[in-house]
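Work through these short exercises on charged side chains. Each task is followed by a stepwise solution.

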Amino acid sequence: MHTASGADGGGSGMLGWGDAIDVLVRQRGPALLRYGYLLTGSTADAQDLVQEAVARVLARRPRLRAAVTLESYVRRTMATLVIDEGRRAQRWRQVRHLLAEPDQVADVASVTDDRHVLAVALSTLSPRQRTCVVLHHLDGLSGPEVAEVLGIAPGSVKRYLSEGMERLERVVGPVAEAGDVVAARGRGGR
């Protein structure tokens with residue numbers, strides 16, 4: 001594939017712009033969709049989130065050609081988009097009573113599938129809590145790394161993680177290990 005606008009990194013290990021995007025979408029696309037699902041709890045929303053994040057990164061055309069670096073930009077953009085959408089949704093919840101009737105809430109006790117339970121549990125968190133939990137426990141970032149990615153204080157990350165895990169445990173029960181939310185459902189004889 002040829003490079004766009006003649007911008008080729010020129011260094012070893014660097015890809016042309018078009019090649020880097022191709023690698024990102026073809027090779028890392030499924031991982032980005034999984035990450036998007038963890039952030040949104042919906043396959044359709046995850047697809048929309050990945051598409052929007054890639055489009056925004058493309059619009060900025062960073063001078064980065066390595067697919068891994070582009071992926072980190074896309075992941076950061078995805079997290080930011082989820083938080084922004086959460087803020088808009090929160091604002092809507094504050095005023096929607098003026099226009100609409102309350103939504104019906106699904107019965108969580110009837111859910112048996114672990115993935116569905118995790119998605120439901122994650123949906124109980126605020127956007128900040130959810131993003132911190134996903135970045136820390138499921139993406140493997142340390143507290144300071146999460147703080148850096150989100151541009152917030154490390155103490156805030158600790159608070160969001162603590163509050164988020166407390167809320168998750170109310171839905172799924174005690175978590176076996178801090179990094180294994182799914183283990184709380186009792187796989188393998190629990």
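**Exercise 1. Find the partner of Asp-139 and place both residues.**

Solution.
Step 1. Asp-139 forms a salt bridge with Arg-75; the closest N and O atoms are 3.1 Å apart. A salt bridge here is a side-chain nitrogen of Lys or Arg within 4 Å of a carboxyl oxygen of Asp or Glu.
Step 2. The pair links distant parts of the chain, 64 residues apart. Asp-139 sits in the loop between α5 (127-138) and α6 (143-150), and Arg-75 in helix α3 (residues 67-95). Helices are DSSP runs (H or I, at least four residues), numbered from the N terminus.
Step 3. Arg-75 is buried at 17% relative accessibility, while Asp-139 is partly exposed at 30%. Buried means under 20% relative accessible area, exposed over 50%, partly exposed in between (1.4 Å probe, protein chains only).

The model is predicted: local features need pLDDT of at least 70, side-chain atom pairs pLDDT 80 or more, and totals for chains, interfaces and linings use all residues. Residues are numbered from 1 along each chain as its sequence is written, and side-chain values use heavy atoms, leaving out hydrogens and water.

**Exercise 2. Describe the salt bridge between Arg-26 and Asp-22.**

Solution.
Step 1. Their closest N and O atoms are 2.4 Å apart.
Step 2. Both residues lie in helix α1 (residues 17-40), four residues apart, about one turn of the helix.
Step 3. Arg-26 is exposed at 65%; Asp-22 is partly exposed at 27%.

**Exercise 3. State how many salt bridges the structure holds.**

Solution.
The structure holds seven.

Definitions and conventions. Helices (H or I, at least four residues) and strands (E, at least two) are DSSP runs, numbered from the N terminus.
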